Amino acid sequence: MAARVPEPRAFWPLLTCVCTALLCLCQALGGRAAAAAAEGEEEEGAAEAGSVPLLKGSALLLLGCLLARCCGAAGGGPRPGGGWGPSAARRGALEGFHARQLRLSPHVLGHSKAHVGRVVAELVRAAKAQGLQPGPMALSLRGDFVRVGSAYEQHKVRSPDCFDVLVPLRLPPRLKPEPGRAAGPAPSGAFVCGLRAPAGAGWPRRYRPFVEGFCAEPQGRCLLSSALVLRWFQGHLQRCLGAVRYRLQERCRISLAACPGRPPTLHIRPCSDYVCCHISMAVRLIPAIPLGDALYLTALPPDVPPAGPAHEALWGLNASRHEQRLLAWLKEQAPASSCHLKCLQLLKGLRDLRGQGLEEPFCSQWGRVLSSYVLKTALFSLMLHGPLEAWDEQFLVERLEDLVMYLRDCLRKQTLMHFFLGNTSLPEAVALPRFLKEAAPVNLLAAFDGPTLDLAAFQLLYTWSQAPHLIRTYSRARYLRPAPAACRHGAEARQELLGE
C-alpha cells in the first residue's frame, strides 16, 4: 500500500510554538536596545541597535524555512527522495497486491504438495501393479512420476489447488524420435516430434500387438499415436482407481475426470478429520514418453492445428526438469533477496487483472500470447542479459518494468525464441543434453499474427502504466483467502516434504 501522507493539522502545534518563541526573541532584543539608548550608552547602544534588524531578519528567514518544510511534509507536493512520489506509490500497490492476492501460504502449499505426492504415488503404484506386464506386447507405466509446473517452481499464484504431474511410460525399444514441425502452426510455435517404429521386417512382426494397438501410419510411416496412447492411459487409470479409492478413503475422496483428447484430471477432496487445509485439489496426470536426459514427449492439445491423423502422430517436447534446474542455478547466483520470482508472479497477476476488462475474441488471445510459459521464457532471457545483482528486492519496480519493456519489444518484433532449443548463449554451468543443443530454434510467437501481437504489446504497456488503478478496480474480496489454521499434522507434513 502507498504510504499515508500526514495531515496538515498535525503540524499546527509545532508552528505555534516556533512563532511564539521567535516573537519573544524579537521583543527581548528590541527592549534591550531601547534600555541601552536611555542610559546614555550612545556608541554601544547604536551598535546593538544596528544589530537588531539583522537578528530580526534571520529570525524571519528561519521561520519561513520551517513553514516551507512543514507545508511540504503536510502534503504540499512530492520531494525528491521524500518517499511520497509515484514510484513509491506504485511499489506500495504492487507489494500489497502480491501479499493479499498472489502470494501463497508456504504452509498450505507445502501441505498440498505433500498430499498430492502421496495420492499420486498410490495411484501410479496400483496402475503399475494391476496393468499389463512389461514386454513386447504391451504399453506400461514406468512406476514413477515427475512433478512439474509453477507449483513446484515457487512462482504459482493465488491458490495451491492445481498441479501438473508427468507419468512416464515404458515403451518397446528402438522407437526413434523424428524432430520436425507440423504442416500448420504448432502450439505457440512449440517443438513437435514423432516416434517412428523401425522399418525392418523383424520389428513389426515381433511387436505386432503394440503396432496394431498404438501406432498410426500417416503418409505411409509407422508412428506412435499420441491419441491412442492417451486413450489407453485414461482407461487404465480409471480401472485402477477403485483399489486406490478404497485404501485412501480415510484420508480423502478421489475421482478421475477424462476429457477426450486431453490428459485426465485427478480430483482430490481431503477429509475434514485428516487435513487441516481443506482445499480440493486438481492434479493433471500427463502421460510422458522418456527421451533420456530428463526430456519427455507429451501429447499436443486437441485444439491445435493441423487436425487429423497427422496431428495425432505428433508429440510436444517437455523440458520442465531443465527449467527447474535453471531456476535453481539462478537462485544460487542471484542475491539472497532476489525478486525475480516475485516479478514473474506480479506480471502473471497483472495479466489476469487486465484480462477481466478485455472482450472476446482478444481476451482469449491475450491469455495465450502472454502464457505463463512465455512470461517465464522472457524472464530467463532478461536475467542472463545483465548482472544478477541488479535483481535485489530493492529494485523490484525497476526490474518489473524492464521485464515489461523486454516483452513489449519481443511482441513488436514478433519474436521470442525458445530458451533451450538451439540456444548457444547459455552459461557453461547450465548443462543441456545434446538433443536440445542440436535442435532447430523455435519462435514461441510464431502462431500469432502481427495485429494480434501489436495489440498485445499496446495492452501490456497500458497494463503497466495503469497497474495501481487496475489493482484497485479489478481486485475483489473473493480472491482473498483466510489465513490457514495451525496444522495438526505438521510433523508428518514436514517429514514428507523432506522426503521429496
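Here are some notes on the overall make-up of this chain and on a few of its helices.

1. First, the basics. This is a predicted model, so read everything below with that in mind. The protein chain has 17 helices and 12 strands. Of its 500 residues, 45% count as buried.

2. How are the contacts spread along the sequence? Taking contacts in the protein chain with a separation of 6 or more, 72% come from residues 24 or more positions apart.

3. Now to H10, H12 and H13, starting with H10 and H13. Helix H10 covers residues 340-355 and helix H13 covers residues 396-413; their axes come within 10 Å and cross at roughly 60 degrees. That angle makes H10 oblique to H13, and the crossing is right-handed. On the H10 side you'll find Lys-342, Cys-343, Leu-346 and Leu-347, which meet Leu-396, Arg-399, Leu-400, Leu-403, Val-404 and Leu-407 of H13. By type, the residues of this contact are 8 nonpolar, no polar and 2 charged.

4. Next, H12 against H13. The axes of helix H12 (residues 372-383) and H13 come within 10 Å, crossing at roughly 110 degrees. The two helices are therefore roughly perpendicular to each other. From H12, the residues involved are Val-374, Leu-375, Ala-378, Leu-379, Ser-381 and Leu-382, and their partners in H13 are Asp-402, Leu-403, Tyr-406 and Leu-407. Sorted by type, that gives 8 nonpolar, 1 polar and 1 charged. If you're tracing H13, note that Leu-403 and Leu-407 turn up in its contact with H10 and also in its contact with H12.

5. That leaves H10 with H12. Here the axes come within 10 Å and cross at roughly 145 degrees, and the crossing is right-handed. H10 brings His-340, Leu-344, Leu-347, Lys-348 and Arg-351 to the contact, while H12 brings Ser-372, Leu-375, Lys-376, Leu-379 and Met-383. The split for this pair is 5 nonpolar, 2 polar and 3 charged. Leu-347 of H10 is worth clicking on: Leu-347 takes part in this contact with H12 and in the one with H13. In H12, Leu-375 and Leu-379 do a similar double job, touching H10 and H13.

6. Finally, a check on H15 (residues 450-465). Does its length come out shorter or longer than, or in line with, what its 16 residues should give? At 1.5 Å a residue, H15 should span 22 Å, and its end C-alpha atoms are 23 Å apart, so the two agree. As for burial, the buried residues in H15 are Gly-450, Thr-452, Leu-453, Ala-456, Ala-457, Gln-459, Leu-460, Thr-463 and Trp-464.

Notes:
Residues numbered from 1 in each chain as written. Predicted model: local features only at pLDDT ≥ 70, side-chain atom pairs only at ≥ 80, totals over all residues. Heavy atoms only, no water. Helix = DSSP H or I, 4+ residues; strand = E, 2+ residues; numbered from the N terminus. Expected span 1.5 Å × (residues − 1). Buried < 20%, exposed > 50% of the residue type's maximum accessible area, 1.4 Å probe, protein only. Axes fitted to C-alpha atoms, helices over the stretch in contact; angles between N-to-C directions. Parallel < 35°, antiparallel > 145°, perpendicular 65-115°, else oblique. Left-handed = near helix turned anticlockwise from the far one by under 90°. Contact = heavy atoms within 4.5 Å. Nonpolar A, V, L, I, M, F, W, Y, C, P; charged D, E, K, R; others polar.
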